[in-house]
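Me: Please take a close look at the cysteines of this model, at how they are paired or left unpaired, and at where they sit along the chain.

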Amino acid sequence: MPPALWMVWALGAIVSLPTEGAPDLPSLSCDPAGICDGRSRSFQSIPSGLMATVKSLDLSNNEITYIRDRDLQRCVHLRALILMSNGIDTIDEDSFSSLGSLEHLDLSNNHLSHLSAAWFRPLSSLKFLNLLENPYRTLGETSLFSHLPHLRILRVGSLYTFANIRRMDFAGVRSLEELEIDASNLQSYEPQGLGSIPNVSRLVLHLRQPTLLLKLFPDLLSSVECLELRETDLEDFRFSGLSVTEPNPRITKFTFRSVKITDESCNEILKLLAYVPELLNLEFDDCILNGVGAFEVPDRDLSQDLGKVETLTIRSLHIPKFYLFYDLSTIYSLSERVKRVTVENSKVFLVPCSFSQHLKSLEYLDLSENLMVEEYLKNSACEKAWPSLQTLILRQNHLTSLEKTGETLLTLKNLTDLDISKNTFHAMPDTCQWPERLRRLNLSSTRIHSLTYCIPQSLEILDVSNNNLNAFSLTLPRLKELYISRNMLKTLPGASLLPMLLVMKISRNSINTFSKEQLESFQKVTALEAGGNNFICSCDFLSLTQEQPALTRVLADWPESYLCDSPSHVRGQQVQDARLSVSECHRAAVVSGVCCALLLLTLLAVVLCRRFHGLWYLKMTWAWLQAKRKPRKAARRDVCYDAFVSYSEHDSYWVENLLVQELEHSDPPFRLCLHKRDFVPGKWIIDNIIDCIEKSRKTVFVLSQSFVKSEWCKYELDFSHFRLFDENNDAAILVLLEPIEKKAIPQRFCKLRKIMNTRTYLEWPTEEAEHAGFWGNLRAAIKC
């Protein structure tokens, strides 16, 4: 930022800081661009310390009474100075001497009773000057504005005090775009007082009484293009003729605003307007007509003098006795050449058929905000009425039936543009009749719920904005522009229904998204306005809007009106700025990746289970869960056997003929549990194994190569390992019938391998002489 602008900002900040211990002082707010705002801050003088970098200073609505010559001395680059609505009564001669760059000066609504030409002499760049509502009677002793060559807008006068317009007042003024004079209390006017200005584009004249109007008017004819007369009481106005020395009238538009008139004074006004042969546009705005339309029939010369008027505008005309109003037959001769008529908000409920028939040149008729209903409209649009009418505006009347409205207007053969918005139609019939040439139809704000083929197929422009529509399914082969904003549509209309569409405005509906295919189907659309909807910012939608620069050129309200409604973390963001994560935008790929990873993990788990005996751990877990439902250790009275013998079927001969004989027939005898004779028939084998081990004090494992390979021996060994070894007891007795390498014992039997490595086990001797010792050791192991 340039240092000079920082100085302005710093100035505003410093002025805004209150002094510690001092009462609150008025503050002036300045931004870095040099725009200073001091409105309504109770300033009693121009703030001190203003720098050269101040470009605009607004001190309106304060309590300033005096502008000193040094107050604005350093504001050499000031372009706008607004001092309206203070109490200024004194300005030093040189107060504005350094303001050569000033373009806008507003001193309105102050207490200046005297105006000095010295104030304005340095203001060579001034374009706008407002001196309204100050208590001066005249515009200074010499010409105030002769040194203002660039002045374009000038406002002078006051409601009560300004009384004189002199010839010298506007001397030197070359050309004005707008001149406003509040001469409500005007008492004298010198000829050429306003005629000295060679060209005024628009003159607004406040004139309470029309006494001096006829003196003013000749000077205005040759210098003013658009004349506006405000707040004038013309009820007693009488035209007595004009003395026009230079017949070169320029007035093309005459406006009466807030004027009071009567039937009689209307006739006098027409006589006055006869001196404005170039008048094209006549306007009455917010006027009062104390009459019933009993106008005099104008003579032929007057009709010819006013024959160029093409546009008549009447807005907010108050007629206290409107219910007694005449049929206007006296002014038929004045209306035949009028092309544009606007009668708005004036309680019109009927245009007589005969009057409509005389409006032969009428092309544009606006009857908005009146009291028209179908029955009276039928009388107004009678046969041969408005034969040239192309545009009819009936906005905000009391129409209720589309079918009757269409039938009523069939007499208007040249009607192309119809506006019946802001009426209350609700339902729409299936079919309607309309003028054949109708091209534009405005049905906005009519509370319709659905569209039918009552809509004419000839339309090129259709406006159904601000209704209750939730779908659009009409085929309109010629439609070029569709305005359907502020409804409840959830998707764009089908492109096949609107093959010629160029412009579509569908903002503020319930649309969540639209696709590339939908947009491409509208091949001829050059402007699409779809903002203000609740967009779901999906990856496809963001990709479409952010990566298609050609699309953003078609979207007329891009990007400020396109906001995300979901997902929640981007809600409220502009669509062009929203960003989604990779997981949100590539969900299918992420899911596929996760599934592949799970599959790989599953395969890896299968391989690891096979490699590290995972199936065995599962079986043991199941067996453990089964066993958990049983007591951890059987009560002593439930122990039925001295030992459970686990052996392979291949070793059954040794067990049954040697082991059983030696132990069960010894003294004292041992009771052994063998699966062949002691398992309960019909019971699950695993449960039999668990029960028999739990009911035996010891478990004897007869180990051999066949034992290691036996599936059921593995179960018995597994459960014994799982159940008994985990209880840290010595209930297992290992008997080796034949040598077994330790590596032949499965790795999962870690405790068994540990016992075989750390403790002694019984080994069946090959020598018969050692058998007696073996049996003795086995009996001792079972007893302990």
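Reply: A disulfide is taken here as a pair of cysteine sulfur atoms within 2.5 Å, and in this predicted model the structure holds 4 disulfides. Three of the pairs are described below.

With that cut-off in mind, cysteine 537 and cysteine 564 form a disulfide, their sulfur atoms being 1.9 Å apart. The torsion about their S-S bond is about -95 degrees, so this disulfide is left-handed. Because cysteine 537 lies in the loop between β29 (535-536) and α11 (539-546), while cysteine 564 belongs to strand β30 (residues 564-566), the pair ties together parts that are 27 residues apart in sequence. Cysteine 537 is buried, with a relative accessible area of 1%, and cysteine 564, at 4% relative accessibility, counts as buried as well.

Cysteine 432 and cysteine 454 are likewise joined by a disulfide, with an S to S distance of 1.9 Å. The torsion about the S-S bond of cysteine 432 and cysteine 454 is about -95 degrees, so this disulfide is left-handed. The pair links distant parts of the chain, since cysteine 432 is in the loop between β23 (417-419) and β24 (440-442) and cysteine 454 is in the loop between β24 and β25 (461-463), 22 residues apart. Both cysteine 432 and cysteine 454 are buried.

For cysteine 353 and cysteine 382, whose sulfur atoms are 1.9 Å apart in a disulfide, the torsion about the S-S bond is about 90 degrees, so the disulfide is right-handed. This pair, too, links distant parts of the chain, with cysteine 353 in helix α7 (residues 353-358) and cysteine 382 in the loop between α8 (374-380) and β22 (391-393), 29 residues apart. Cysteine 382, at 12% relative accessibility, counts as buried.

There remain two cysteines to consider for their distances to other sulfur atoms. The sulfur of cysteine 595 is 7.0 Å from the closest cysteine sulfur, that of cysteine 596, which is too far for a bond, and cysteine 595 is partly exposed, with a relative accessible area of 45%. Cysteine 673 is also in no disulfide, the nearest cysteine sulfur, in cysteine 692, being 3.5 Å away; at 0% relative accessibility, cysteine 673 counts as buried.

Conventions: Residues numbered from 1 in each chain as written. Predicted model: local features only at pLDDT ≥ 70, side-chain atom pairs only at ≥ 80, totals over all residues. Heavy atoms only, no water. Helix = DSSP H or I, 4+ residues; strand = E, 2+ residues; numbered from the N terminus. Buried < 20%, exposed > 50% of the residue type's maximum accessible area, 1.4 Å probe, protein only.
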